[in-house]
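Trainee: I should like to work through this structure with you, one question at a time. Where shall we begin?

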Amino acid sequence: MPDPTYPCNRHFVSAFDGTTRLIPAGPEQRFQLDGDDVRAHWGPRTRGVMLASPSNPTGTTIAPAALQRVLDAVRERRGFLVFDEIYNQLTYGGPTPRSALALGDDVIVINSFSKYFCMTGWRLGWLVLPEALVPLAEKLAMNLFICPPATAQYAALGCFEPESLAIYEQRRQEFARRRDYVVPALRAMGFEIPTEPDGAFYVYADVSRWGLPGEQFANRLLDEAGVCVVPGMDFGVHERDRWVRFTYATGMERLQEAMQRVSGFVRRL
Ligand SMILES: Cc1ncc(COP(=O)(O)O)c(C=O)c1O
């Protein structure tokens, strides 16, 4: 997995007695992996690669050519690619990327009703698997959760009504508007955001100029300004002190208030 990465994905691997190998992925590669990373870090016991695009915590998508190179490297090694595209429909500034399923039926795709469809609390998602893995996933499901709640499944049918889809599109545009507000606002305060986030609802910002590790920065920002951000240490080990993650999944008014408070906080540092 790239480092930084969504922390739960690491823990899912541990839950299956696997060991996660985190591969440093900096802003110069959009915080995503490339084929050479896979080749360089693949060991004798490596089974596969897991990616999320757009990524949590960085809000950056993987370039289609880089994804193809990752998949080529995985296929050469007869491994598997698990592709978490939970934020796929939440991208801004270009057409929605094609699902990784378009790359072949050997790709394992994860998705959910939690983000684009706004059903976070309903605990409903989906997994698309190569045919041969379906019986294994069924056994796992039987042991882990048996089945998704029926109520959530019925409710989710409503997501595909034209009225619902129109609302999701409006919300996507609203997220784009918030990103277009938050990114320049943070840059104007002195935060380095070397890679333009183009998806999800996150901005990964470099706080190193203030001389505080991300964790201290986040704790002080919470205590002194009442604004909550997540330090880079939650998402990996590579340059963990350099970053904090901002989320713009709240309304414009609160974001404006937050930006004012952050601005006052960094001026006082
Ligand atoms: C990249 C990524 N994958 C998966 C999830 C989990 O989503 P769910 O609500 O479907 O469990 C999240 C939630 O934050 C996420 O950011």
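**The ligand and its surroundings**

Mentor: This is a predicted model. The residues around the ligand are Tyr-6, Asn-56, Asp-84, Ile-86, Tyr-87, Ser-112, Ser-114, Lys-115 and Arg-123.

Trainee: How do the residues of the shell around the ligand divide into nonpolar, polar and charged?

Mentor: The shell includes Ile-86, Ser-112 and Lys-115. Tyr counts as nonpolar in this classification. On that basis the division is 3 nonpolar, 3 polar and 3 charged.

Trainee: At what distance does a polar side-chain atom of Ser-114 lie from an oxygen atom of the ligand?

Mentor: A polar contact requires a pair of N or O atoms within 3.5 Å. Ser-112 places a polar side-chain atom 2.6 Å from a ligand oxygen. For Ser-114, the distance from a polar side-chain atom to an oxygen atom of the ligand is 2.5 Å.

Trainee: Which residue has a side-chain N or O atom 2.6 Å from an oxygen atom of the ligand, and how much of the ligand does the protein bury?

Mentor: The side chain of Arg-123 has an N or O atom 2.6 Å from an oxygen atom of the ligand. Taken alone, the ligand exposes 400 Å². The share of that area buried by the protein is 80%.

Trainee: Is Arg-123 buried or exposed when the protein chains alone count as cover?

Mentor: Arg-123 is located in the loop between E5 and E6. In space, its C-alpha is 7.4 Å from that of Pro-148, with the two positions 25 residues apart in sequence numbering. The relative accessible area of Arg-123 is 59%, and the cut-off for this class is over 50%, so Arg-123 is exposed.

**The largest nonpolar core**

Trainee: Which residues touch the most other members of the largest nonpolar core, and which element gives the most to this core?

Mentor: The core has 46 residues, and those touching the most other members are Leu-186, Phe-191, Val-203, Phe-217, Leu-221, Phe-246 and Tyr-248. Two or more residues come from each of helix H5 (150–157), helix H6 (162–189), strand E7 (202–206), helix H7 (214–225), strand E9 (243–247) and helix H8 (252–268). With 8 residues, the element that gives the most is H6.

Trainee: Why does this core lie between domain 1 and domain 2?

Mentor: Domain 1 covers 2–156 and domain 2 covers 163–268. The core lies between them because residues are given to it by both domain 1 and domain 2.

Trainee: Which backbone oxygen does the side chain of Ser-164 reach?

Mentor: Ser-164 is part of helix H6. With a relative accessible area of 15%, Ser-164 falls under the 20% cut-off and is therefore buried. At 2.5 Å, its side chain reaches the backbone oxygen of Gly-158.

**Backbone geometry**

Trainee: Which residues are joined by cis peptide bonds, and in which loop do Pro-54 and Pro-57 lie?

Mentor: Ser-53 and Pro-54 are joined by a cis peptide bond with omega of about -10°. Asn-56 and Pro-57 are also joined by a cis peptide bond, with omega of about 25°. Pro-54 lies between strand E3 (48–52) and helix H3 (64–76), and the place of Pro-57 is likewise the loop between E3 and H3.

Trainee: Cys-118 is not a glycine but has a positive phi; is Cys-118 buried, partly exposed or exposed?

Mentor: Its phi is about 60°. Cys-118 sits in the loop between strand E5 (108–112) and strand E6 (125–128). Its relative accessibility of 33% lies between the 20% and 50% cut-offs, so Cys-118 counts as partly exposed.

Trainee: What is the relative accessible area of Ala-200?

Mentor: Ala-200, although not a glycine, has a positive phi of about 55°. Ala-200 is found in the loop between H6 and E7. Ala-200 is buried, and its relative accessible area is 0%.

**Positions in sequence and space**

Trainee: How far apart in space are Pro-197 and Ser-55, C-alpha to C-alpha?

Mentor: Pro-197 belongs to the loop between H6 and E7. At 1% relative accessibility, Pro-197 counts as buried. Pro-197 and Ser-55 are 142 residues apart in sequence, and their C-alpha to C-alpha distance is 9.2 Å.

Trainee: How far apart in space are Val-266 and Phe-80?

Mentor: Val-266 lies in helix H8. Its relative accessible area is 8%, so Val-266 is buried. Val-266 and Phe-80 are 186 residues apart in sequence, and their C-alpha atoms are separated in space by 44 Å.

Definitions and conventions:
Residues numbered from 1 in each chain as written. Predicted model: local features only at pLDDT ≥ 70, side-chain atom pairs only at ≥ 80, totals over all residues. Heavy atoms only, no water. Near = heavy atom within 4 Å. Polar contact = N/O pair within 3.5 Å; in protein donor to acceptor, adjacent residues only side chain to side chain. Areas by Shrake-Rupley, 256 points an atom, 1.4 Å probe, with all protein chains shown as cover. Core = buried A, V, L, I, M, F, W, Y, C linked by side-chain atoms within 4.5 Å. Buried < 20%, exposed > 50% of the residue type's maximum accessible area, 1.4 Å probe, protein only. Helix = DSSP H or I, 4+ residues; strand = E, 2+ residues; numbered from the N terminus. Domains from an automatic or database assignment.
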